Structure formats: structure tokens, C-alpha cells
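Here is a friendly walk through one protein chain, with strands, salt bridges and a helix as the stops along the way. Have the viewer open and follow along.

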Amino acid sequence: MRLRWIALLAPAVLAVAACGGGSGGKDDQSGPDPKRDRDLANAIAFHQYDFPAGWEQIDFAAQGSPPTMETLAQCLGPAPSTTAEFTNGYHFGPGINEVAVVEVKVLPTAEAAAKVIAPTVKPAFGPCVVDHIKGLLSTSLGADLTLADLTGSASTITNATANGVAIDMTAHLTSPRGPLTSYPAAVFLQRGRVVATVTLLSDNLSTADFSRSLSAAVANRMPAD
């Protein structure tokens with residue numbers, strides 16, 4: 001049985017032009033520039049070459065699915081003032097049983113970005129993400145699937161270009177055909193003025209490794225300042 005993760009994970013909009021952050025005089029290139037930052041966020045997000053053969057970009061406009069990133073963002077606290085945001089995602093297979101989404105936020109300063117990511121190191125952050133995923137699963141699985149249990153653990157990413165925290169989860173589901181297991185993963189990254197969230201939902205046991213690979217690709221495109 002294939003799990004239709006697209007209804008759970010896909011945000012409602014593909015790209016958001018965000019407010020905030022002036023850049024001083026027209027010859028001053030040191031401050032944030034909304035157009036330049038939108039281009040930066042777009043460049044940092046997923047690209048086709050980040051994925052193995054068979055993965056395709058999601059058409060969020062056609063899916064009309066509820067936003068998940070906003071739900072997970074509640075674990076980070078109040079929404080920051082950004083100069084640009086960009087979200088995109090890819091899925092694998094006709095059954096949409098594997099979905100990866102990245103949300104990139106560019107903030108006015110590196111200090112502001114560091115404050116956004118700061119809650120991820122608190123003990124309550126991992127359980128918060130697990131609780132939100134549990135709630136989303138409980139309401140999005142459909143009549144033939146039931147969430148029996150969801151557990152998760154947080155770990156610090158120490159060998160990445162960016163600072164980060166990963167939340168690896170295991171969901172036990174019941175269905176008319178018997179028990180199923182899925183492996184959601186969420187990775188939160190920060191480098192310089194950029195914060196990125198990578199979320200991967202899959203019924204493949206290698207989800208954690210794949211989420212690290214995708215996160216590393218995103219982190220390598222994040223500038224240091």
C-alpha cells in the first residue's frame with residue numbers, strides 16, 4: 001500500500017515574496033536586497049539533480065494541499081521578518097509514497113537567522129515536532145489508515161556546512177492489509193542569513209540517510225554571510 005504523503009506535506013503556495021529589510025542607499029550592497037535574496041532562496045532550494053532518477057517536482061498549485069511548514073514552524077516560535085522565502089518539493093512514484101519539501105528563508109542578518117534556529121537545541125523541540133507530525137498524520141491518512149504510534153529522536157548535525165538539528169521519526173500505522181511503518185524526517189539548518197527546513201516523508205527505511213543527503217546539498221548552497 002502506498003501512502004499519499006502529498007496531502008500531508010505539500011505547502012499551499014510555491015513561493016512567497018516576504019517583507020522587511022531595507023538596504024540603505026542605492027549604492028549600498030551590504031544590506032539585504034529582496035530581489036537578490038529571492039534569487040538566493042531559489043538557488044538554495046531543491047533542484048532536479050539533487051534526486052535520483054524517478055523523482056519529479058511537485059506542482060503545489062495543482063495539489064491544493066494544506067501547508068505543513070507553517071505547522072512545524074510553530075515549534076520555532078514567532079515567525080521572523082524575512083527578506084525572501086522560497087518553497088519547493090519533489091515526489092517519487094505514481095503513488096506519491098515519497099515526498100521531500102524544502103523551505104528556505106533569508107533574514108536581514110545572520111544574528112536574526114541564528115535566533116530563528118536557536119530553539120532547535122532545546123529539549124522540548126524534538127517532542128514538539130513529533131507532536132505536530134502526529135497530529136497531521138492523524139487527520140491526513142484517510143479512512144483506511146490509522147496511526148498507532150509515532151516516536152522520534154533529535155540529533156545535532158555536526159559534519160555539515162550549516163548548523164543543524166535533525167528529527168528522525170518512526171510511524172506505526174494500521175490498515176486493512178496489516179501493519180505499515182513509515183519514516184518521517186525533518187532537518188532544520190542555518191548558515192549566515194539563511195534558515196532552511198528539509199522535510200522528507202517516506203515508507204523507506206533509508207529516509208534518514210536520504211534526508212541527510214538532501215540537507216547536505218541544501219547546506220552547501222547556503223552562503224556563509
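Let us begin with the strands: β2 (residues 55-57) runs antiparallel to β3 and pairs with it over 3 bridges. Strands count as paired if DSSP finds at least two bridges between them. Within this pairing, W55 has F92 of β3 as its bridge partner. Strand β3 also pairs with β4 (residues 98-106), again in the antiparallel sense, over 9 bridges. In that second pairing, E85 stands opposite K105 of β4. Strand β3 itself (residues 84-92) is mostly covered, with 8 of its 9 residues buried. Here buried means a relative accessible area under 20%, exposed means over 50%, and partly exposed lies in between (1.4 Å probe, protein chains only).

A word on what you are looking at: this is a predicted model, in which local features need pLDDT of at least 70 and side-chain atom pairs count only at pLDDT 80 or more, while totals for chains, interfaces and linings use all residues. Residues are numbered from 1 along each chain as its sequence is written, and side-chain values use heavy atoms, with hydrogens and water left out.

Seen as a whole, the chain has 7 helices and 9 strands. Both kinds of element are DSSP runs numbered from the N terminus, helices being H or I with at least four residues and strands E with at least two. Of the 225 residues in the chain, 48% are buried. Among contacts with a separation of 6 or more, 71% come from residues 24 or more positions apart; a contact means heavy atoms within 4.5 Å. The accessible surface comes to about 10300 Å², and carbon and sulfur atoms hold 54% of that. These areas come from the Shrake-Rupley method with a 1.4 Å probe, and for residues only the protein chains shown count as cover.

Next come the salt bridges, of which the structure holds 6. The term asks for a side-chain nitrogen of Lys or Arg within 4 Å of a carboxyl oxygen of Asp or Glu. The table lists some of them.

| Pair | N to O distance |
|---|---|
| D37 and R193 | 2.9 Å |
| R221 and D50 | 2.8 Å |
| K105 and E85 | 3.2 Å |

What does the salt bridge between D37 and R193 join? D37 lies in helix α2 (residues 34-44) and R193 in the loop between β8 (185-191) and β9 (194-202), so the pair ties together parts 156 residues apart in sequence. D37 is buried, at a relative accessible area of 1%, and R193 is buried too, at 15%.

The salt bridge between R221 and D50 likewise links distant parts of the chain: R221 sits in the segment after α7 (207-220) and D50 in the loop between α2 and β2, 171 residues apart. R221 is partly exposed at 22%, whereas D50 is buried at 13%.

K105 and E85 bring us back to the strands, since their salt bridge links β4 to β3 across 20 residues of sequence. Both residues are buried, and together with E103 they are linked in a network of salt bridges.

Finally, consider helix α7. At 1.5 Å a residue, its 14 residues should span 20 Å, and the end C-alpha atoms are indeed 20 Å apart; the expected span is 1.5 Å times one less than the number of residues. Its buried residues include F210, L214 and V218. Among the elements that cover the buried residues of α7 are α2, β2, β4 and β6 (163-175).
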